[in-house]
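Open the model in your viewer and keep the selection tool ready. The stops below say what to pick next and what to look for.

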Amino acid sequence: MNRSVFQALVIAVFGMLFGMTLRYLVDNPLEATVANYLRSGLHGIGVALAGWATHLYFASRRSEWISRWPLLMDLGLRSATMAVVVASVLLGLEPLLYWHRIEAAWLVDTFPKIFVAAFFGALLVGLAFELTRLVGNRVLLNVALGRYRRPVREERVLMFLDLAGSTSLAEAIGELRVQGLLTRFFYDIDAAIVAHGGEVHAYVGDEVIVT
């Protein structure tokens, strides 16, 4: 199965379970019918896939323009965009799934809370994604589990990748343009590394060490 399709399926299942769980925890028990749980599941799937699609856009080369911004501004814009998309999809699915109009009181009282929750949720996801890109999923998990508090022995395969002729290239086009090229190189190669089950061990000059 294609990796992106598998990820979309996982996100959809997570969204469905989250929607159903939210209905169980928040809504009136008298409305706990099979139909309502299915509606909440579909609602969760739509919101989760919308958020995932927004994330994929910002993780692609089409969002190269934002990668030049400071990290906090980058994360702020990404989070605000995702909050708008998620809140809009949630609002649009409400009348389709429940067959009623959106009341003005709901827009004034509830919708702003949904937007704020979506913004801070997207901000946390963005921070986790950036941290994962820097240290790798496995390393981050091991740090969280405390495995590096004691010595461990692991068998790993190392690959060293670097740009050929980077020194002469820097002399030809200048160090600033070469630095931009390196940033783009590290950003682009990350997707291929992750897609094949690898992790970035370290960045050294124009070299990336993969495990």
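Select Glu31. Discounting residues up to four places away in sequence, Glu31 touches Arg23 and Asn36. This is a predicted model. Glu31 sits in the loop between H1 and H2. Its relative accessibility is 40%, so Glu31 counts as partly exposed. Now add Ala192 and draw the C-alpha to C-alpha distance: Glu31 and Ala192 are 47 Å apart in space and 161 residues apart in sequence.

**Asn36**

Go to Asn36, in helix H2 (residues 34–59). Is Asn36 buried or exposed? Asn36 is buried, because its relative accessible area is 13% and the cut-off for buried is under 20%. Show its surroundings. Leaving aside neighbours within four places in sequence, Asn36 is in contact with Arg23, Glu31 and Tyr98. Glu31 thus appears again, on the list of Asn36 contacts.

**The H1 surface**

Turn to helix H1 (residues 3–26) and pick Phe14. With a relative accessible area of 56%, Phe14 is exposed. Extend the selection to Phe18, Leu22, Tyr24, Leu25 and Val26. With Phe14, these residues form a nonpolar patch on the surface. Together they have about 720 Å² of accessible area. Colour the patch and leave it on.

**Helix H3**

Select residues 71–98, helix H3. H3 has 28 residues. From first C-alpha to last, H3 reaches 40 Å, close to the 40 Å expected at 1.5 Å a residue. Zoom in on Asp74 and Arg78. How many salt bridges does the structure hold? The count is 1. Asp74 forms a salt bridge with Arg78, and the closest N and O atoms are 2.3 Å apart. Both residues lie in H3, 4 residues apart, which is about one turn of the helix. Check the surface here too: Asp74 is buried, and so is Arg78. Then step past the end of the helix. Trp99 follows H3 and has a positive phi, near 55°.

**Asn142**

Jump to helix H6 (residues 137–145) and select Asn142. Asn142 counts as buried because its relative accessibility is 4%. Which residues does Asn142 contact, leaving aside neighbours within four places in sequence? They are Arg147, Tyr148 and Glu154.

**Helices H7 and H8**

Next, pick Ala170 in helix H7 (residues 166–173). Ala170 is partly exposed, with a relative accessible area of 25%. Leaving aside neighbours within four places in sequence, Ala170 is in contact with Glu175 and Val178. Add Leu77 for a distance across the model. Ala170 and Leu77 are 32 Å apart in space, C-alpha to C-alpha, and 93 residues apart in sequence.

Follow the Val178 contact into helix H8 (residues 175–195). At 1.5 Å a residue, its 21 residues should span 30 Å. The end C-alpha atoms are 31 Å apart, which agrees. Select the buried residues of H8: Val178, Leu182, Arg184, Phe185, Phe186, Tyr187, Ile189, Asp190 and Ile193. Arg184 and Asp190 are worth picking out of that buried set. After H8 comes Gly197, with a positive phi near 80°.

**The strands**

Finish with the strands. Select E2 (residues 200–204) together with E3. The two pair in the antiparallel sense over 4 bridges. Ala202 has Ile209 of E3 as its bridge partner. E2 and E3 form a hairpin with 2 residues between them. Pick Gly205 in the turn: its phi is positive, about 60°.

Add E1 (residues 159–162). How do E1 and E3 run? They run antiparallel, joined by 4 bridges. Here the bridge partner of Leu161 in E3 is Val208.

Now show the side chains of E3 (residues 207–210). In a regular strand the side chains alternate between the two faces of the sheet. Glu207 and Ile209 point one way, and Val208 and Val210 point the other way. All of them are buried. Glu207 is therefore a charged name to look for among the buried residues of E3.

Note on methods
Residues numbered from 1 in each chain as written. Predicted model: local features only at pLDDT ≥ 70, side-chain atom pairs only at ≥ 80, totals over all residues. Heavy atoms only, no water. Buried < 20%, exposed > 50% of the residue type's maximum accessible area, 1.4 Å probe, protein only. Pairing = 2+ DSSP bridges. Salt bridge = Lys/Arg side-chain N within 4 Å of Asp/Glu carboxyl O. Expected span 1.5 Å × (residues − 1). Contact = heavy atoms within 4.5 Å. Patch = residues over 30% accessible without salt bridge, like charges linked within 9 Å, V, L, I, M, F, W, Y side chains within 5 Å. Areas by Shrake-Rupley, 256 points an atom, 1.4 Å probe, with all protein chains shown as cover.
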